[in-house]
Amino acid sequence: YQFNSVDEMDQQEAIWEGQLIDDREDKEYKILLYQIDAFYVEVYYHKEHNVIERYRPFTSVDQLAPYLNKMKIVL
């Protein structure tokens, strides 16, 4: 909630201080997943317009599902 309450410059600063975990793509966006402390933020980068269009912060690990199919687990 705190992430949503700050301005875009502060959000960007928090993201760049976080850790890039993974990325994925759809038709329009490259979506970068960052971990910041105890929550995650997806950064939606519009491929054609070359701009960040939105941020989607979340805490639920259920929302990590789109990334799990790319992960390889070695035993």
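**Entry 1: Asp 7**

I began with Asp 7, whose side chain reaches the backbone nitrogen of Asp 10 at 2.9 Å, and I noted that this side chain also reaches the backbone nitrogen of Met 9, at 3.2 Å. I should record here that I am reading a predicted model. Looking up the place of Asp 7, I found this residue in the loop between H1 and H2. Is Asp 7 buried, partly exposed or exposed? I wrote down partly exposed, because its relative accessibility is 45% and the class runs between the 20% limit for buried and the 50% limit for exposed. I also looked up its separation from Phe 39: the two are 32 residues apart in sequence, and 18 Å lie between their C-alpha atoms.

**Entry 2: the whole chain**

I then stepped back to the overall plan, and counted 3 helices and 4 strands in the secondary structure. Following the sequence, I read the order of these elements as α-α-β-β-β-β-α. For the extent of the protein I noted that the C-alpha trace spans about 40 × 30 × 20 Å along its principal axes. The protein has 75 residues, of which 27% count as buried. I looked at the contacts between residues at least 6 apart in sequence as well, and 24% of these join residues at least 24 apart.

**Entry 3: aromatic pairs**

How many aromatic pairs does a search of the whole structure find? The search gives 5. One of them is formed by Phe 3 and Tyr 55, an edge-to-face pair with 6.2 Å from centre to centre and 90° between the planes. This pair links distant parts of the chain, since Phe 3 sits in helix H1 and Tyr 55 in strand S4, 52 residues apart. I checked the accessibility of both partners, and Phe 3 and Tyr 55 are both buried.

Trp 16 and Tyr 34 make another pair, and I entered this one as edge-to-face because the planes of the rings stand at 75°, with the centres 5.6 Å apart. Here too distant parts of the chain are linked, with Trp 16 in helix H2 and Tyr 34 in strand S2 (residues 29–36), 18 residues apart. I noted that Trp 16 counts as partly exposed at 49% relative accessibility, whereas Tyr 34, with a relative accessible area of 9%, is buried.

I also looked for rings joined into a group, and found that ring pairs link Phe 3, Phe 39 and Tyr 55 into a cluster.

**Entry 4: the largest pocket**

Next I looked up the largest pocket, for which I have a volume of about 330 Å³. Which residues lie nearest its centre? They are Tyr 1, Gln 2, Phe 3, Asn 4 and Phe 39, out of the 13 residues that line this pocket. Two of these names, Phe 3 and Phe 39, I had already met in the ring cluster with Tyr 55.

I went on to ask which elements supply the lining, and found that helix H1 (2–5), helix H2 (8–17) and strand S4 (51–58) each supply at least two residues. H1 gives the most, with 3 residues. Sorting the lining by residue type, I wrote down 8 nonpolar, 3 polar and 2 charged.

**Entry 5: His 46**

I turned to His 46, which I placed in strand S3 (residues 39–46). Its relative accessibility is 4%, so His 46 counts as buried. What does its side chain reach? I found the backbone nitrogen of His 49 at 3.0 Å, and the backbone nitrogen of Glu 48 at 3.3 Å. Setting aside neighbours within four places in sequence, I listed the contacts of His 46 as Glu 28, Tyr 29, Val 51 and Glu 53.

**Entry 6: positive phi angles**

My last search was for backbone angles, with the reminder that most residues other than glycine have a negative phi. Asp 37 has a positive phi of about 55° although it is not a glycine. I found Asp 37 in the loop between S2 and S3, and entered this residue as exposed because its relative accessible area is 69%, with the limit set at over 50%.

Asn 50 also has a positive phi, near 60°, and is likewise a residue other than glycine. Asn 50 lies in the loop between S3 and S4, and with a relative accessibility of 52% it counts as exposed.

Key: Residues are numbered from 1 along each chain as its sequence is written. This is a predicted model: local features need pLDDT of at least 70, side-chain atom pairs count only at pLDDT 80 or more; totals for chains, interfaces and linings use all residues. Side-chain values use heavy atoms; hydrogens and water are left out. On a 1 Å grid over the protein atoms alone, a cavity is a set of points where a 1.4 Å probe fits but cannot get out, and a pocket is an open set with protein on both sides within 12 Å along at least five of seven lines; lining residues have an atom within 4 Å of a point. Grid points are joined across faces, edges and corners, and a volume is the space filled by probe spheres set on the points. Ala, Val, Leu, Ile, Met, Phe, Trp, Tyr, Cys and Pro count as nonpolar, Asp, Glu, Lys and Arg as charged, and the others, Gly among them, as polar. Buried means under 20% relative accessible area, exposed over 50%, partly exposed in between (1.4 Å probe, protein chains only). A polar contact is a pair of N or O atoms within 3.5 Å; within protein, one must be able to donate a hydrogen and the other to accept it, and residues adjacent in sequence count only if both atoms are side-chain atoms. Contact means heavy atoms within 4.5 Å. Rings of Phe, Tyr and Trp (its six-membered ring) pair if their centres lie within 6.5 Å; planes under 30 degrees apart count as stacked, over 60 as edge-to-face and the rest as tilted.
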